[in-house]
Amino acid sequence: MTNGWFSYTNAVRILGADTGLADALDRLTGGLLLAATGGGSQLALSLFDAKGELARLSRQLGTGLGDRLRGLDRFSRTQRIAAAHTVIVVTAFFEAAAEGCRRFSDEELRLLRQEELLIAGDERAGGSALGHLVQRLLHMQVPCPSPASPYEIVLEDLKSHYAELGSRLKVFINGLQRWEAMDETRRRHHDEWLTTGLPAQARERYADLFHRLEAEVPEIAYWSNRIDHQATREKLDAGLSDLRRLLESAGSGTKPHGVREALSRIYRLALGKPILSATDLPAGVTIPSLSDAYISPCFRLTAADSAARPAEDHWWAEVPVQADLRAFLFGHLTHPAATRYPLLVLGQPGAGKSVLTKVLAAELPASQFVVLRVPLREVPMEADLQTQMEHAMRQATGEHRPWASIHETGVVAVVLLDGFDELLQATRIGNSDFLERVAAFQERETAQGRPTAVIVTSRTAVADRARMPLGSTMVRLEPFQHAQVAEWVGIWNRINRTGLCTDVVFSLGDLAAQPLLLLLLALYDAEGAPLGGEGELARGELYERILVRFAHREVMKYGSQLSEAELDRAIDRELLRLSVVAFGMFNRDSQWITEEELEADLQALLPEAPMSSRSFQPALSASQLAVGRFFFVHEAQALQDERRLKTYEFLHATFGEYLVARLTAQEVRHLLAQARLSAPRARRTSPDNAFLHALLSHTPLSSRESIPEFLHELLRELPEGKDLLLGMFRNALTSRTSSAFDAYQPGRIEAFRTVPARFAAYSVNLLLLLVLVSREVSGGELFDEPGYVISRWRGLARFWQSQIGYNAWFNLIHAIDLDRTGAGEERDVIIRWTAGPPANLPTVDPYWTYRSIERGTYAWMMNEFQPSVRQLHFICGYEEDVLLHTVEPLADELSRSITTFAGFWPDRAVSPAHALLRLWLLSSRRANLPELAAAYVECLHLSQAFAPFAQRDAHSYLDLVLGHLNLDAHRLRGVLRLDEVPLGSSEPELVERIRAELTRLGFR
């Protein structure tokens, strides 16, 4: 059942406080409502009172609400609306029960009343059942619609709820003596109504009462998600400015003053400020203000439960996308759930989470709400929540005030905790109970008469690191859709009078799907490098131009007197440092890196001496110099003991992935240049690949799908690099001497790299580079050991699979394609780059597998299958277990049918088990008869392939084939002929059995 908010008794107290209805209801129920006891004789009488007095008074209490809500403060109004909904849930049952009395005759009703009065106070079955029913009716918490549990869900919950009440009423009535006096037909008639008719009628009454309440009170429509979103969107602007008007029209409040007014004033000022603070914009460029540029994103909405996986994209894929964020926020902030549980707002970096909190802080009317925005990066992380809030209040207003002193009666506080993920990332301190502590804070505040709604923002990727209180709500902001991108581009073009082309922006895909990235592209376009100016760009080339452009702009701030060569080197230095940032994240299997980790990486990879392709003297600087000037790098902060802790991540992961590919490709080119220089010296020296080894010996490049794609673009004109990479690959698994980069150890405790894992990562990365550079490479080239190519490849592939992560392995086998070539001792493999999985699945050729077998001559058998079973079981592999499970029935009964192969045909070899499975599939699919007959001929032929010592297996196999042929014989007569079945002479008993059975079945 969805969350309940009030019992009927509490709802009557809330709604009847200023009317005489509460007293009238209390008298009618014998004082049960206000006393909240467990008796119930008068209430039960009322249920079957033909006048329906209880139902009438309850309906009167739950309707006509609009007039009684006028002038109420925000919190009181919310409480009364929720109470009214509780009343109509119970009223619907009262009305259905009162109408049901017509099903009883006057005499039956009189006798039921008399006996009910006699036993109401007893502990007998009837009296006990009545007591349970009364308790359930008066003291239950009924379901209430909310944005995360809309009307349809509540209606489904009420189906079982009313059914339970009907069953309890049935138990009571069936316990009365007069019930036994009724004839069977009458009892069955009443039973059917109590178990089926009464719940259905109650739901119908509820729906009618709900629609009337919905017409009187606008909040109910938003709670239940029953507004006309399309019509609403047509009347609204793209942002949230209309939220203020809607809230002001739906409730009253008090004139803001003091801290409440000061907070509102400072937050409203943010609407007129540019969305990006920048002092060195290109000439003629104007950054739009927050109020001009904010566009509400689409979102996904769900309630938290024990099965929630909010950090996983595939889990969210099952949740429908919604478009009207304003409607959701109105429904949430006017619902009682807002002051009981936190709302968690998730999204990717740059999705607009922080901007949303700024807009909300500015747009919520101060007459109804006291709003406090708490950037968690700027408050002491070790402090409790209230201290953090008071710290943020002082930062915003300059006043130091206790939290409790700013709350006023009837005003709802809204606390916006922005950047929960920053606490997690920057401090690495466990905060798994953070949201539970927030909910406990809300419970305390409500109990003290200070109702407080809390909204928490966080990156989606860390959403699983905090437990969500059951009953709370989660929202994930979605990337911009085409209409939102077009709206944003239109705003930019109107303000800047530029021609940023919408179609070109659309072509950039997810790069243009987040607000901050859209701004980056617009600035790039405005700096004299139009996105659509030179035709369609490859994605890697676009990234290169964007990064170089922004690096150039940053360098020119302090190096305007540089020569062209010095400028190029300075730009190279900026991008090199940024690439180290990217590798730091990549090699830690993370989307972020701490300031301390980055400092260590810079010290280890960029020593003062020139190296590799970097001919400049890199200045060792603080990590913020590597990233701080690039606003597409997000900096997370938290305060701990007056010390500011920082982490960094890219606003879009593919920026980092491109930089990983870029530096890898640059280093390959540099090593190739070194090799060319050493060639005249008769190869006395080989290029020093220590830097490349340091970068590529921690994580396979295939861990991120886009990195090989970028490398494919960056290395497509480097075929001469094949020999260089082949030499490096052949030495990849040999021990290495120490190098200048040994201090580079980008491991974390939870992602520790073992020595075998580092060898695996480096060798698999070299293979990937080889395939990307040369487009294909053979096993013979890789190993240069004729006769051992396949065994070496098999061992290496198993080694890779055992040491690299599943995602890296999966992406690797889908990024490259393997062909088996040659035969016998000349077997080989060809590894090729592929843009995706091949159209057809590969098939096994046993002639190739068993290299010494001559085609089309005889049958052979490998070892028993049982040792293979033990081997596969020992490995504990997913794929091995799947295949083993599939053949398990055959392994138990027909083990040698799996390990026997017949080489009767020069173009193929087949095992009896393979042929039998194919036969079963063809028969069950009703395949064409000639194809099915050919399958039977093949299986009968293969029954003669078993070794002389395996004749028991041969006869067991033949039992299955002939048994199935009995089922298909009627449709194969005239198609399958006896003389088509090859019958040898080595096993006369088997041959005679085949001939006799075919004859018996009518085959000639």
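Three strands form an open sheet in the order S16-S17-S18, with antiparallel pairing. Its edge strands are S16 (859-861) and S18 (908-910), each of which pairs on one side only. From one strand to the next, the twist averages 25°. The model is predicted. Its protein chain contains 47 helices and 18 strands.

**The S16-S17-S18 sheet and helix H45**

- Strand S17 (residues 900-905) and S18 run antiparallel and are joined by two bridges.
- Within this part of the sheet, Ala902 stands opposite Val910 in S18.
- Helix H45 (residues 929-942) lies across S17 and S18. The helix runs at about 115° to S17.

**Surroundings of Leu916**

- Helix H44 (residues 912-924) contains Leu916.
- Leu916 has a relative accessible area of 1%, and it is buried because that value falls under the 20% limit.
- Leaving aside residues up to four places away in sequence, Leu916 touches Leu890, Leu894, Cys939, Tyr957, Leu960 and Val961.
- One of these contacts is Leu960, which is 44 residues from Leu916 in sequence. The C-alpha atoms of Leu916 and Leu960 are 8.6 Å apart in space.

**Strands S13, S14 and S15**

- Strand S15 (residues 828-833) has five buried residues out of six, so the strand is largely enclosed by the rest of the structure.
- Strand S13 (residues 776-778) pairs with S15 in the antiparallel sense, over three bridges.
- In the pairing of S13 with S15, Val777 stands opposite Ile831.
- Strand S14 (residues 816-821) also runs antiparallel to S15, and six bridges join S14 and S15.
- Arg820 has Val829 in S15 as its bridge partner.
- S14 and S15 make a hairpin, with six residues between the two strands. In the turn, Gly822 has a positive phi of about 70°.

**Salt bridges**

- Side chains of opposite charge can pair when their charged atoms come close. The structure holds 38 salt bridges.
- Arg300 and Glu478 form a salt bridge in which the closest N and O atoms are 3.2 Å apart. This pair links distant parts of the chain, with the two positions 178 residues apart in sequence numbering. Arg300 is in strand S3 (residues 299-303), while Glu478 is in the loop between strand S9 (473-477) and helix H25 (482-496). Both Arg300 and Glu478 are buried.
- Arg662 and Glu544 form a salt bridge in which the closest N and O atoms are 2.8 Å apart. Arg662 is in helix H32 (residues 653-678) and Glu544 is in helix H28 (residues 539-558), so the salt bridge ties together parts that are 118 residues apart in sequence. Arg662 is buried, with a relative accessible area of 8%. Glu544 is partly exposed, with a relative accessible area of 23%; it does not count as buried because buried means under 20%.
- Asp979 and Arg977 form a salt bridge in which the closest N and O atoms are 3.3 Å apart. Asp979 has a relative accessible area of 57% and is exposed, because exposed means over 50%. Arg977 is partly exposed, with a relative accessible area of 42%.
- Asp242, Arg245, Asp324 and Arg326 belong to one network, joined by salt bridges that share partners.

**The chain as a whole**

- The protein chain has 1004 residues, of which 55% count as buried.
- Of the contacts in the protein chain between residues at least 6 apart in sequence, 76% join residues at least 24 apart.
- The area exposed by the protein chain is about 44100 Å². Carbon and sulfur atoms supply 51% of this area.

Conventions. Residues are numbered from 1 along each chain as its sequence is written. This is a predicted model: local features need pLDDT of at least 70, side-chain atom pairs count only at pLDDT 80 or more; totals for chains, interfaces and linings use all residues. Side-chain values use heavy atoms; hydrogens and water are left out. A salt bridge is a side-chain nitrogen of Lys or Arg within 4 Å of a carboxyl oxygen of Asp or Glu. Helices (H or I, at least four residues) and strands (E, at least two) are DSSP runs, numbered from the N terminus. Buried means under 20% relative accessible area, exposed over 50%, partly exposed in between (1.4 Å probe, protein chains only). Two strands pair if DSSP finds at least two bridges between them. Axes are lines fitted to C-alpha atoms, for helices over the stretch in contact, and angles run from 0 to 180 degrees between N-to-C directions. Contact means heavy atoms within 4.5 Å. Accessible areas come from the Shrake-Rupley method with a 1.4 Å probe; for residues, only the protein chains shown count as cover.
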